[in-house]
Amino acid sequence: MIRFNGVGVRLAGRDVLSDVTLSLSEHRIGVVGANGSGKSTLARLLNGLALPTSGDVTVFGHDTRRHAARIRRDVGFLFTDPDAQIVMPTVAEDVALSLRRKGLSPAEVDERVREVLARYGLDRHADHPAHLLSGGQKQLLALCAVLVLEPRLLVMDEPTTLLDLRHSRLVADLLRELPQPVVVVTHDLGLLDSFDRVIVLDQGRVVADSTPGPAIGHYRKLMS
Amino acid sequence: MTGVYVPGDSPLHRLPAGAKLLGLALLCTTLFLLGSPLWLGGSTVLVVLLYAVSGVGPGAAWAQVKPLRWFAVALFVMQFVLVDLHGAVSATLRLVLAVALAGLVTLTTRFADMMACFERCLAPLRLLGVDPFRVSLVLSLAVRSVPVISALATRVREAQQARGLSWSVRAFAVPLVVSVLRHADAMGEAMSARGLDDH
Ligand SMILES: Nc1ncnc2c1ncn2[C@@H]1O[C@H](COP(=O)(O)OP(=O)(O)OP(=O)(O)O)[C@@H](O)[C@H]1O
Ligand SMILES: [Mg+2]
């Protein structure tokens, strides 16, 4: 599914990631590490928002350097700050915008928008201005706008950082139920308990890569 | 324009966006061409009736003209001093009615429908290499950015109050500009991730 082949990323004269070689095919993959350890950069490599300075990244068999547009159609990306990814003034309109290239009839678009909003409890807010939603609801809206396209892979950069306990639990439950594979960058270690694989980054290098138990143990030792 | 759409099922809601914009243009032109008290009285009744038909409620109606109130008072006084009572009444009424009509269009039209209408109207510009989708996307972003930037401004002001700093333009503008630029950057990136840039 995802292959990192000797990947290095150099930004402003500093090595942000060095010599990362990974092959990812698990269903639930977590990425942890200190601030500035390169987690977001690793996530952004997965849809070509960041490009490797050396080595290459392949997603579903496509090189991110050459097929970024193609890959972005397959990879849904959720940012920490939902305000940055909500484009349209109202909730339903923003989800509908995702579908504009699908060539669906307005009735079909409407139906798929209603369906995804209902699934995540936002149907009551369909016609509300996006800026009146709470932070957690905005994050759910951003998630709806991504999921309505049924991406083959979902990448999330700290999706629960701005959420309260209830909303982060909701996102954790959603993660468990999603049919597609998910890569999640997070500082929320509880979220990773049920994951299949956890990768620990330290100063741009992979220093642990295993099931959650040992990897999180390693990370805790690193932080103490 | 920041998402003032009031959901409803009135005839005005069901009218296509293009028809409403055309109607708005015609009514406003008429309003400024015809100045007799009878016409203005009739127009006022018409606007009130249209609002009643739309069912948006008096609160939403007032919200449309409220921002105008001081300007309307100033205009009235100025016209009254410079022209006469009739001139003052008709100038003020024209302005308020035109704004109320424009407000009624935004109250009864989904933003996306309005944008789709713009896109269709701009379609001939394709020949000049303009992408109508991009133009409407820029308009959407502008509208969407108003509440975001005002929230950023509030955050900057509150952070300064919390630190006990007194008001200064520079101490306000610098962090605000920085956070707006950072937001713009994040937004551009998010739009690429959503595939909105590869047309
Ligand atoms: N565009 C850029 N230009 C220069 N340096 C950058 C750029 N983006 C990131 N960096 C640097 O790369 C390093 C890793 O950044 P990254 O955002 O990947 O870290 P992170 O692990 O996500 O941190 P956090 O937990 O704070 O989100 C940081 O030291 C950062 O300053
Ligand atoms: Mg980060």
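Buried area, as I use the term here, is the accessible area (1.4 Å probe) that two parts lose on being put together, summed over both.

**Entry 1: the model and its confidence**

I am working from a predicted model, so I looked up the confidence before anything else. The predictor gives the complex an ipTM of 0.82, alongside a pTM of 0.78. For chain B I noted a mean pLDDT of 85, with 97% of its residues at 70 or more. Where is confidence in chain B lowest, and where is it highest? I found the lowest mean, 83, in helix 7 of chain B, and the highest, 92, in helix 1 (residues 11-14) of chain B.

**Entry 2: where chain B meets chain A**

Next I turned to the interface. I counted 30 residues from chain B and 28 residues from chain A in the contact. Putting the two chains together buries about 2,500 Å², and carbon and sulfur atoms give 57% of that area.

How many salt bridges are there between chain B and chain A? My lookup returned 5 salt bridges. I opened up one of these pairs: A:Arg44 and B:Glu189 meet through their side chains, at 2.3 Å from N to O. I also listed 8 residue pairs in polar contact between chain B and chain A, both residues being at pLDDT 80 or more.

Which helices of chain B each supply at least two residues of the side that touches chain A? I wrote down helix 7 (111-122), helix 8 (132-162) and helix 9 (169-193). Helix 7 of chain B is also where I had noted the lowest confidence in that chain, a mean of 83. Sorting the residues on the side of chain B that touches chain A, I got 16 nonpolar, 7 polar and 7 charged.

**Entry 3: salt bridges within chain A**

Over all chains, the structure holds 17 salt bridges. I looked at a few inside chain A, asking how accessible each partner is.

A:Arg66 and A:Asp63 came up with their side chains in a salt bridge, 3.8 Å from N to O. I have A:Arg66 down as exposed because its relative accessibility is 66%, while A:Asp63, at 15%, is buried because it falls under the 20% cut-off.

My second pair was A:Arg70 with A:Asp74, whose closest N and O atoms are 3.2 Å apart. Both residues sit in helix 2 (residues 68-74) of chain A, separated by 4 residues, or about one turn of the helix. Buried or exposed, what is A:Asp74? Its relative accessibility is 9%, so I marked A:Asp74 as buried. A:Arg70, at 34%, went down as partly exposed.

The third pair was A:Glu115 and A:Arg119, a salt bridge with its closest N and O atoms 3.5 Å apart. These two are also 4 residues apart, in helix 5 (residues 106-119) of chain A, and that puts about one helical turn between them. I recorded A:Glu115 as partly exposed at 45%, and A:Arg119 as partly exposed at 48%. I then found a network: salt bridges with shared partners join A:Glu26, A:Arg197 and A:Asp209.

**Entry 4: a histidine in chain A**

Last, I looked up A:His167, which belongs to helix 7 (residues 165-177) of chain A. Why do I call A:His167 buried? Its relative accessibility is 12%, so A:His167 counts as buried. Which residues touch A:His167, setting aside its neighbours within four places in sequence? I got A:Ser134, A:Gly136, A:Gln137 and A:Leu140.

Notes: Residues numbered from 1 in each chain as written. Chains lettered and ligands numbered in written order. Heavy atoms only, no water. Contact = heavy atoms within 4.5 Å. Salt bridge = Lys/Arg side-chain N within 4 Å of Asp/Glu carboxyl O. Polar contact = N/O pair within 3.5 Å; in protein donor to acceptor, adjacent residues only side chain to side chain. Nonpolar A, V, L, I, M, F, W, Y, C, P; charged D, E, K, R; others polar. Buried < 20%, exposed > 50% of the residue type's maximum accessible area, 1.4 Å probe, protein only. pLDDT = per-residue confidence, 0-100.
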